[in-house]
Amino acid sequence: MQKMPLGLPLLISMGGTIFSLAGRRGMHKHWGVIFTCLSFWHVYQYRRKIYKDFCDLTEELKKVDIFASFLPNKDLASIVKKAEIASYIPGRIRIYSRQLVNNGYAEGMLQKMISRYKEIDDVRINILTGSVLIEYRPEILRKNKELADIETYIQTRIKR
């Protein structure tokens, strides 16, 4: 009886639950209880398959790079262009990005990416606000053409 097919009983109890909405309230509750019990029984019967499917899904999700939309080229210039530039003082830049809000994975990837640049002294990322504070020494940073171009871009885009 454990592997009894529940497709038809589930369909009937779901139909009874739906059609009893127009009738008496007590009948709707009874049909709802029957439908709920059959649903739980069905889940119990297929618990191993459900668990296996869940594990397979989590493995697939681990392979998906959710950060790819935030870092299409995985370079700092593309990130800065997608972010809002909040403030710029030579040696200190603050940007905001909605993709960083409550995204620890994105924080780790960005931290790893920025740490490759020896010219940047410190980076503080706040995933609660999506804020990135970058501190550097301008004379050292400007020796790296890529970073100097990013700084120039920021200087032209600041809204003050």
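This passage describes an internal cavity and one helix. The structure is a predicted model.

The cavity search returned one cavity of 30 Å³ or more. The largest cavity has a volume of about 100 Å³. Four elements each give two or more residues to its lining: helix H4 (76-82), strand S2 (92-96), strand S4 (131-136) and helix H7 (145-157). Helix H7 gives the most, with four residues. The lining residues include Leu-76, Val-80, Ile-93 and Ile-95. Also part of the lining are Ile-120, Ile-134, Tyr-136 and Leu-141. Leu-147, Ile-150, Glu-151 and Ile-154 line the cavity as well. By residue class, the lining divides into 11 nonpolar, no polar and one charged.

Helix H2 was examined next. H2 covers residues 25-45 and has 21 residues. At 1.5 Å a residue, H2 should span 30 Å. The C-alpha atoms at its ends are 30 Å apart, which agrees with that expectation.

Burial was then assessed along H2. Gly-32, Leu-38 and Gln-45 are the buried residues of this helix. Seen down the axis of H2, the buried residues fall within an arc of 150°, so they line one face of the helix. Arg-25, Lys-29, Val-33 and Phe-40 lie on the other side of H2 and are exposed. Buried here means under 20% relative accessible area, and exposed means over 50%.

Notes:
Residues are numbered from 1 along each chain as its sequence is written. This is a predicted model: local features need pLDDT of at least 70, side-chain atom pairs count only at pLDDT 80 or more; totals for chains, interfaces and linings use all residues. Side-chain values use heavy atoms; hydrogens and water are left out. On a 1 Å grid over the protein atoms alone, a cavity is a set of points where a 1.4 Å probe fits but cannot get out, and a pocket is an open set with protein on both sides within 12 Å along at least five of seven lines; lining residues have an atom within 4 Å of a point. Grid points are joined across faces, edges and corners, and a volume is the space filled by probe spheres set on the points. Ala, Val, Leu, Ile, Met, Phe, Trp, Tyr, Cys and Pro count as nonpolar, Asp, Glu, Lys and Arg as charged, and the others, Gly among them, as polar. The expected span of a helix is 1.5 Å times one less than its number of residues. Buried means under 20% relative accessible area, exposed over 50%, partly exposed in between (1.4 Å probe, protein chains only). The arc is that of the directions from the helix axis to the C-beta atoms.
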